[in-house]
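Here's a quick briefing on the structure below. Have the 3D view open while you read, and hop between the topics as you like.

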Amino acid sequence: MWAAATGIFLFSWGPILVRDNEFGALPFAFWRLLGAAAWAVAALYLRGGRVDRRVLRHSLAGGVVFTVNAATFFTAIKTTTVANTMIIGSTAPIFLLWAASRIFKEQISYRVIVATPVAISGMVLVLLGRPEDSGGASLTGDVLAVVAVVAFAGYLVASRVARTHLSALEYQAGWSTIATVLMLPIALLSFDPLVIADGWSWGVASTMAVTAGLAHLLVNYSHRHVSLRAITLMNMVAPALAVLWAWFLFNEQLGGLQWLGVPLVVVSVLAVVLDE
């Protein structure tokens, strides 16, 4: 449980880091994936493992759907408001709780059924209660955010299946290697340069390669120990925390509804954690 909670805490920095750099969305996604794959593969080899055909076979589905998620999510963050992207992302429990019940035969408790709409309501307050001058929305970006949330739900489901065959580190090295290879031609075909002369942006990409990569490793580790329904609800904390980081670090003002929404999300997730 603590592994999942720590991973989701690290996830909450993602929107901040994606925004705060001069890379185009797709080149940034490539470098972030390359860095994460490099340390995961190195760690696996140091522990005596390797990225072989077995690892790649069981990691393929996760690598493919995460590539779709990274390409669409990073582009959405750059082309529409962070709030729009995050509120669309808050619909993930609709897909994941269905998967938990139908695919993995998990029993959905009364507490989870009650906590889910409360958490979604809190997320709506957090994201719609932002100040009016927080940026312009884009229909294209919103559509990409829809694709991203479906792909991320697919990634979590694929990860849970893969973890029945692979260790967390094997899976991390496998899917991130596949995603890096797939993202390279996508980044090269974009209109943005793959290499830029901006030290801050390289630092941000390197930081996210470590933090996001570690977040995925921890959450994927937790798949063998925590129910998918709990991971689903805990993921909803990340957007709420992202709003708080923006307020603390960049002095982005919070609206009254946001101060009400954050506790709703946190309390709902705490109820699910206690249910576990």
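**Around Ser 59**

Not counting residues up to four places away in sequence, Ser 59 touches Leu 166, Glu 170, Tyr 171, Gly 174, Trp 175 and Ile 178. Bear in mind that this is a predicted model, with a mean pLDDT of 79 for the chain.

- Ser 59 sits in helix H4.
- Is Ser 59 buried or exposed? Ser 59 counts as buried because its relative accessible area is 0%, and the cut-off for buried is under 20%.
- Ser 59 and Ser 176 are 117 residues apart along the chain, yet their C-alpha atoms are separated by 8.6 Å.

**The chain overall**

- You get 13 helices and 0 strands here, so reading along the sequence gives nothing but α, in the pattern α-α-α-α-α-α-α-α-α-α-α-α-α.
- The chain has 276 residues, and 53% of them count as buried.
- Take the contacts between residues at least 6 apart in sequence: 89% of those join residues at least 24 apart.

**How far to trust it**

- 66% of the residues reach a pLDDT of 70 or more.
- Which elements mark the two ends of the confidence scale? Helix H9 (residues 168–189) has the highest mean pLDDT, 96, and helix H6 (residues 92–102) the lowest, 63.
- Where pLDDT is low, don't read the predicted coordinates in detail.

**H4 against H8**

- Helix H4 (residues 53–79) packs on helix H8 (residues 139–162) at an angle of about 155°, and their axes are 7 Å apart.
- That angle makes H4 roughly antiparallel to H8, because the label applies over 145 degrees.
- The crossing of H4 and H8 is left-handed.
- On the H4 side, the residues that meet H8 include His 58, Ala 61, Gly 62, Val 65, Phe 66 and Phe 73.
- On the H8 side, the residues that meet H4 include Gly 141, Leu 144, Ala 145, Phe 152, Tyr 155 and Ala 162.

**H3 against H10**

- Helix H3 (residues 25–46) and H10 pack at an angle of about 55°, with 8 Å between their axes.
- H3 and H10 are therefore oblique to each other, since 55° is neither under 35 degrees nor within 65 to 115.
- The crossing of H3 and H10 is right-handed.
- H3 brings Phe 28, Trp 31, Arg 32, Gly 35, Ala 36 and Trp 39 to the meeting with H10. Among the H10 residues they meet are Trp 202, Met 208, Ala 209, His 216 and Leu 217.

**Ala 209, on the H10 side**

- Ala 209 is found in helix H10.
- What makes Ala 209 count as buried? Its relative accessible area is 4%, and anything under 20% qualifies.
- Leaving out residues up to four places away in sequence, Ala 209 touches Arg 32, Gly 35, Ala 36 and Trp 39.
- Ala 209 and Arg 32 are 177 residues apart in sequence but 4.6 Å apart in space, C-alpha to C-alpha.

**Ser 201, also in H10**

- Ser 201 has its place in helix H10 (residues 199–222).
- With a relative accessible area of 0%, Ser 201 is buried.
- Which side chain does Ser 201 join through a polar contact? The partner is Asp 198, at 2.6 Å.
- Setting aside neighbours within four places in sequence, Ser 201 is in contact with Asn 21, Glu 22, Phe 23 and Ile 196.

Methods
Residues numbered from 1 in each chain as written. Predicted model: local features only at pLDDT ≥ 70, side-chain atom pairs only at ≥ 80, totals over all residues. Heavy atoms only, no water. pLDDT = per-residue confidence, 0-100. Helix = DSSP H or I, 4+ residues; strand = E, 2+ residues; numbered from the N terminus. Buried < 20%, exposed > 50% of the residue type's maximum accessible area, 1.4 Å probe, protein only. Polar contact = N/O pair within 3.5 Å; in protein donor to acceptor, adjacent residues only side chain to side chain. Contact = heavy atoms within 4.5 Å. Axes fitted to C-alpha atoms, helices over the stretch in contact; angles between N-to-C directions. Left-handed = near helix turned anticlockwise from the far one by under 90°.
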